[in-house]
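Here's a quick briefing for anyone meeting this structure for the first time. Have a look at the sequence and the model, then read on for the main points.

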Amino acid sequence: MVKGVAGVVLFRLKKKGLTEPDSRPHVNIVFIGHVDAGKSTTCGNILCLTGQVDARTMEKYEKEAIDNNRESWYFAYVMDVNEEEREKGITTEVGRAGFEFKTRRFTILDAPGHKSFVPEMLAGASQADIGVLIISARKGEFESGFERGGQTQEHALLAKTLGVNYLIVAVNKMDEPSVNWSKERYTQIVDAFSPFLKSCGFNVNKDVKFIPVSALNTQNLNTRVSDPESPNYDARAAWWPKEELCLFELLEQCPIPPRSDKAPLRVPLLAGYRDNGIVAVGKVEGGVAIVEQPALIMPNNIKVKITGVKVGEETEFAYAKGGENVELRLTGVDEEVLKKGCVLCSINDPIPVTEYIEVQMVLVDMLEHKPLMTAGYRAIFHAHTMSEECEIVSIVETMDKASKKKTRKPAFAKAGQVVTCRIRLDSTQALEIFPDNPQLGRFTLRDEGKTIAIGKIMKIKKI
């Protein structure tokens, strides 16, 4: 039983037919990477291999893909559900689906790869516990994704900013004729990408796992490609040590972020809708959401009551603990209020709301026509599920990353510096300082569709 749920409360809820949720750990995996790297195909095949999609449905998808002259895309149709995504072959929304192993449950978050949909990718990655970065090994495709203007680097950086500390890098399309399971091509990609991941803050030796795969042919997904006894054995991949884990084995052993049942309730919301009442959609980032529990919707300061907790497609439970993606039935609020950026929280320990924050951030890049950041600089501020326009009020301090030289109250800041500054948001938002709740205290600054800074909220001027 979860420690935060008192025995008498749980007993009363059980009498109403509500039970405790599945005790297996739940992990949210965000699949990220450049457009056409094979994210949706990988996700679709994972769902097929774990029995989430039956053979008849796959036959239907295959026929539909052939009709659309997209014969090799039918696995992607499992995740890309709307017609625009299927016709253009571009994921525009964060696809969600679940699968499970004997010891763990997983939710896939299939993030868009196109640069036009980075805000949607941010919302998906903000819910993730771990990341799988898909890189195409095909000649020319890795280069277009990795070099300036590609999304491979930005996605890796944003994932780290949003709290993804463990990353599996799947080098996909290894079976493609221009690659032909080449060890040299795989090594080239690993050697090129590892220094960048290190610069993002990843411990490459501990928290990053590289693996070669062919998602379309399920090679190295659920069985080891270089094991002669594997059904997907490929002699061309004999150079890959057969002792190395396949993707499923890596997921089975991935680290699970620590979560406290005693922490104050925090559920950043993605949406709200009406279905025999009002339902809020989000992920529990702190504490426990319990049926019959009173709560607040911030920053609106609206008192509500949780009357239902749903985890997964159908089942309702007595409570949902940290890490769970939930649909919470509420009373006391209209669905129009339940938008991205709102946070459901404890009445006794509500999340702070503010327009003014002090942050520490790294300026990773600047626009060519706006190379310096000064007081008055405007950008888009992204944190958890929220985004809002903001303005730099003042720069408190800059530090050069190479020399560690600090400058107090400088006139400007530039790319490569660590910056402490004060920011004013255009409207009141629900935020937390990083030491109290890292998932709600990380942020990204973007300007004209480009990520310019990543950082942590260190102080909040409460309202």
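Among contacts in the protein chain with a separation of 6 or more, 70% are between residues 24 or more positions apart. Keep in mind that this is a predicted model. The protein chain has 463 residues, and 54% of them count as buried. As for secondary structure, you'll find eleven helices and 24 strands in the chain.

**Two mostly covered helices**

- Start with α2, which runs over residues 39–49 and is mostly covered, with ten of its eleven residues buried.
- The buried set in α2 is K39, S40, T41, T42, C43, G44, N45, I46, L47 and C48.
- Right after α2 comes G51, with a positive phi of about 80°.
- Next up is α7, spanning residues 151–161, where ten of the eleven residues are buried, making this helix mostly covered too.
- In α7 the buried residues are Q151, T152, E154, H155, A156, L157, L158, A159, K160 and T161.
- G163 follows α7, and its phi is positive, near 105°.

**The cavity**

- How many cavities of 30 Å³ or more does the structure hold? There is one.
- The largest cavity has a volume of about 60 Å³.
- Its lining is made up of S126, Q127, P268, K283, E285, H384, T385 and Q439.
- Sorted by type, the lining residues of the largest cavity come out as one nonpolar, five polar and two charged.
- Where does the largest cavity lie relative to domain 2 and domain 3? Domain 2 (260–346) and domain 3 (353–461) both contribute residues to the lining, so the largest cavity lies between them.

**A closer look at P268**

- P268, one of the residues lining the largest cavity, sits in strand β7.
- Is P268 buried or exposed? With a relative accessible area of 6%, P268 is buried, because anything under 20% gets that label.
- Setting aside neighbours within four places in sequence, P268 is in contact with V281, G282, K283, E285, C342, V343, H384, T385 and L440.
- K283, E285, H384 and T385 appear among those contacts of P268, and they also turn up in the lining of the largest cavity.
- From P268 to K339 is 71 residues along the sequence, and their C-alpha atoms are 9.5 Å apart in space.

**Loops and backbone details**

- The loop between β2 (95–100) and β3 (105–110) is home to K102.
- K102 is exposed, with 81% relative accessible area, because the exposed class covers values over 50%.
- K102 and R24 are 78 residues apart along the chain, with 8.4 Å between their C-alpha atoms.
- In the loop between β7 (266–274) and β8 (278–283) you'll meet N276, which has a positive phi of about 55° even though it isn't a glycine.
- N276 counts as exposed, at 77% relative accessibility.
- E448 is found in the loop between β23 (442–447) and β24 (450–461), and it's another residue other than glycine with a positive phi, near 50°.
- At 56% relative accessibility, E448 counts as exposed.
- Which two residues does a cis peptide bond join? They are M298 and P299, and omega is about 15°.
- P299 is in the loop between β10 (294–298) and β11 (302–311).

**Cysteines**

- A disulfide is a covalent bond between the sulfur atoms of two cysteines.
- How many disulfides does a search of the whole structure find? The count is zero.
- C200 is buried, at 9% relative accessibility.
- C246 is buried as well, with a relative accessibility of 1%.
- C43 and C48 are among the buried residues of α2.
- C342 is one of the residues in contact with P268.

Notes: Residues are numbered from 1 along each chain as its sequence is written. This is a predicted model: local features need pLDDT of at least 70, side-chain atom pairs count only at pLDDT 80 or more; totals for chains, interfaces and linings use all residues. Side-chain values use heavy atoms; hydrogens and water are left out. On a 1 Å grid over the protein atoms alone, a cavity is a set of points where a 1.4 Å probe fits but cannot get out, and a pocket is an open set with protein on both sides within 12 Å along at least five of seven lines; lining residues have an atom within 4 Å of a point. Grid points are joined across faces, edges and corners, and a volume is the space filled by probe spheres set on the points. Ala, Val, Leu, Ile, Met, Phe, Trp, Tyr, Cys and Pro count as nonpolar, Asp, Glu, Lys and Arg as charged, and the others, Gly among them, as polar. Domain bounds come from an automatic or database domain assignment. Helices (H or I, at least four residues) and strands (E, at least two) are DSSP runs, numbered from the N terminus. Buried means under 20% relative accessible area, exposed over 50%, partly exposed in between (1.4 Å probe, protein chains only). A disulfide is a pair of cysteine sulfur atoms within 2.5 Å. Contact means heavy atoms within 4.5 Å.
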